[in-house]
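Here is a set of short exercises to work through with the model open beside you. Try each task yourself before reading its solution.

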Amino acid sequence: MDELTITLLGGVEIRQAGTAVTGFVSNKALALFCYLIVTGREHPRSLLQALLWGDSPQDDAMNSLRNVLSNLRKLAGTHLLITRQTAALNPDAPYRLDVQHFLQAAQGKKLQNGRLSPDDLQALETAVSLYQGEFMAGFSVADAPAFEEWLLAQRERLRLLYLQSLHRLVVHYANTGLLDEAIATNGRLLAAEPWREESHRQQMTLLARAGRWSEAIAQYRRCRDLLAQELGVAPMSETTALYERIKAARDLPRHNLPATSGPLLGRDAELAELAELLRRPDCRLITLTGPGGAGKTKLARALVRQQGEVFLHGARFLPLTAVPDPAFLDTAVAAALGLSLKPQPAPRQQLLDHLHPLEQLLVLDNFDHLLDGSDLLTEILSHAPDVKLLVTSRERLDMQAEWLYPLAGLPVQQETAAADSPAVTLFASVARRVQHDFDLAGQETAVADICQMLDGLPLGIELAAAQTAVYPPAAIAAALRQGLD
Ligand SMILES: Nc1ncnc2c1ncn2[C@@H]1O[C@H](COP(=O)(O)OP(=O)(O)OP(=O)(O)O)[C@@H](O)[C@H]1O
Ligand SMILES: [Mg+2]
């Protein structure tokens, strides 16, 4: 038995063994065929008569249905089960209906914490690729109001499911940092629903996040013109506010750090993990903890450079080592953000007012001695809904909102792989600064031993490496070993 392929999303196409099935006696014959296939149920003839010939006298309707059914029997007889009372699709004859696959792929796929599971993601991607256009696009049966009603209801139901699938994909892509995919998918959503102001705003935000500022601004103009021309209304205040926000963000520096300060060694995984935490909507405060000299500040600075490109209003590094006491925290933060404080209101209020409209990452570095001032962090989190905080400190803050990220030393590989260790590379680069002809060759094992004994802690490694001005690595290693014993 030849497989029947019925494609109804984006038009009407019926193929059997690869060739188009033609020869339907009328539009109503085609309509009836599609109805039987899509519903998949058995229908009494009386109901089918009412569906397509509701306006005709009973006898005429019966005759018309009989003619149409005999036409269908000739075209695809094995695929239909026709009796004196009923007609139905034959479920045992092989067929492929795009609508059925679309429904299976699209239904019941939910976001959790703004993301899709890998299976649901794949299913929704399949669903939107199956949706090539509206259900039975361009098809209608003018004098069959009952069928038209069914057709329009199906069309709308499938369209809404398509829009919902697109929307969930956009949210997932945006929350996993796949900006290009999010923008393209949201573009499809807008093509299907050009009036949806929420999607215009989403597109503006995505484009701005991707650094495509002029396109973000053009998107606002397109939305504004469309609403004016078609509906005679102005954009919502929320949309205009976003437009202003994007224009302001475009003119802000991405971060406030100098160009560069020596490479960050061996922290790719940590950087990626922190970026991933920051993408989570429920994670707004991270404490990067670890012993002194573990490299918290170094990593946090790299994160500021990276996230400057991700947050709409960039990222700011706020060095707090010199702040003597929590009492000076508000003014120190304001100064580091470049705010010129006015006499009124209180600095804290001015700071919160400044942060309120921003989507920005603030990195408060070396917070160790300011733990008593953590109420500022709580207030920022509640007054500035789109600001996220990362604090570096040897101790955790003990705040409810806090996500802990403990940092250990740099990895040290042994033996032949030693020279590839980030810890050994750090040692060698410092050693070369104090002794210009320092050559690692032949000394990898001694250096790896040193790094190992220092638990890979960067500060310890730097101090040990500085001694190569006087001692070779083997001697430094021996001294350390003695100290440990
Ligand atoms: N991954 C790294 N690559 C290169 N150098 C590093 C790395 N991590 C740390 N360093 C260097 O090690 C030294 C100590 O690092 P850092 O100041 O970041 O430590 P810290 O954890 O912030 O310490 P503290 O608790 O005292 O603030 C610095 O000179 C830094 O440049
Ligand atoms: Mg530090």
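## Exercise 1: A residue in a loop

Asp-455 is exposed, since its relative accessible area is 58% and the cut-off for exposed is over 50%. Keep in mind that this is a predicted model.

**Task.** Find where Asp-455 is located and what is notable about its phi.

**Solution.**
- Step 1: Look between α17 (444-453) and α18 (458-466); Asp-455 is in the loop that joins them.
- Step 2: Check the backbone. The phi of Asp-455 is positive, about 55 degrees, although the residue is not a glycine.

## Exercise 2: The magnesium ion

**Task.** Name the protein donors of the magnesium ion (ligand 2), and work out which parts of the chain they tie together.

**Solution.**
- Step 1: Search around the ion. Thr-297 donates through OG1 and Asn-366 through OD1, and these atoms lie 2.0 to 2.4 Å from the magnesium ion.
- Step 2: Place the two donors. Thr-297 belongs to helix α12 (residues 296-307), while Asn-366 sits in the loop between β10 (361-365) and α15 (375-383), so the pair ties together parts 69 residues apart in sequence.
- Step 3: Judge the accessibility. Thr-297 has 25% relative accessibility and counts as partly exposed; Asn-366, with a relative accessible area of 22%, is partly exposed.
- Step 4: Look at the backbone of Asn-366. Its phi is positive, about 60 degrees, although Asn-366 is not a glycine.

## Exercise 3: Two helices that cross

**Task.** Decide how helix α2 (residues 45-53) and helix α3 (residues 58-76) are oriented: roughly parallel or roughly perpendicular?

**Solution.**
- Step 1: Take the axes of the two helices. They come within 9 Å and cross at roughly 100 degrees.
- Step 2: Apply the cut-off. Angles of 65 to 115 degrees count as roughly perpendicular, so α2 is roughly perpendicular to α3.
- Step 3: List who makes the contact. From α2 come Arg-45, Leu-48, Gln-49 and Trp-53, and from α3 come Gln-58, Ala-61, Met-62, Ser-64, Leu-65, Arg-66, Val-68 and Leu-69.
- Step 4: Sort them by class. The contact of α2 with α3 has 7 nonpolar, 3 polar and 2 charged residues.
- Step 5: Zoom in on Leu-48 of α2. With 0% relative accessibility, Leu-48 counts as buried. Leaving out residues up to four places away in sequence, Leu-48 touches Leu-32, Tyr-35, Leu-36, His-43, Trp-53, Leu-65 and Ala-87.
- Step 6: Now zoom out. Leu-48 and Ile-476 are 428 residues apart along the chain, and their C-alpha atoms are separated by 93 Å.

## Exercise 4: The length and cover of a helix

**Task.** What span should the 13 residues of helix α5 (residues 118-130) have, and which elements cover its buried residues?

**Solution.**
- Step 1: Estimate the span. At 1.5 Å a residue, α5 should span 18 Å, because the rise is multiplied by one less than the number of residues.
- Step 2: Compare with the model. The end C-alpha atoms of α5 are 19 Å apart, which agrees.
- Step 3: Find the buried residues of α5: Asp-120, Leu-121, Ala-123, Leu-124, Ala-127, Val-128 and Leu-130.
- Step 4: Identify the cover. It includes β7 (95-97), α4 (98-106), α6 (145-175) and α7 (179-192).

## Exercise 5: Two residues and their surroundings

**Task.** Are Lys-388 and Thr-239 buried or exposed, and what do they touch?

**Solution.**
- Step 1: Start with Lys-388, which is in strand β11 (residues 388-392). Its relative accessibility is 11%, so Lys-388 counts as buried.
- Step 2: Collect its contacts. Beyond neighbours within four places in sequence, Lys-388 meets residues including Arg-279, Arg-280, Arg-284, Phe-311 and Gln-360.
- Step 3: Turn to Thr-239, in helix α10 (residues 237-250). At 0% relative accessibility, Thr-239 counts as buried.
- Step 4: Collect its contacts too. Not counting residues up to four places away in sequence, Thr-239 touches Glu-197, Arg-201, Met-204, Tyr-220 and Cys-223.

## Exercise 6: A cis peptide bond

**Task.** Which peptide bond is cis, with omega near -15 degrees?

**Solution.**
- Step 1: Go to the loop between α13 (329-336) and α14 (347-355), where Pro-345 is placed.
- Step 2: Read the bond that leads into Pro-345. The peptide bond from Gln-344 to Pro-345 is the cis one.

How values were computed
Residues numbered from 1 in each chain as written. Chains lettered and ligands numbered in written order. Predicted model: local features only at pLDDT ≥ 70, side-chain atom pairs only at ≥ 80, totals over all residues. Heavy atoms only, no water. Axes fitted to C-alpha atoms, helices over the stretch in contact; angles between N-to-C directions. Helix = DSSP H or I, 4+ residues; strand = E, 2+ residues; numbered from the N terminus. Parallel < 35°, antiparallel > 145°, perpendicular 65-115°, else oblique. Contact = heavy atoms within 4.5 Å. Nonpolar A, V, L, I, M, F, W, Y, C, P; charged D, E, K, R; others polar. Buried < 20%, exposed > 50% of the residue type's maximum accessible area, 1.4 Å probe, protein only. Donors = N, O, S within 2.8 Å, 3.2 Å for Na, K, Ca; no water.
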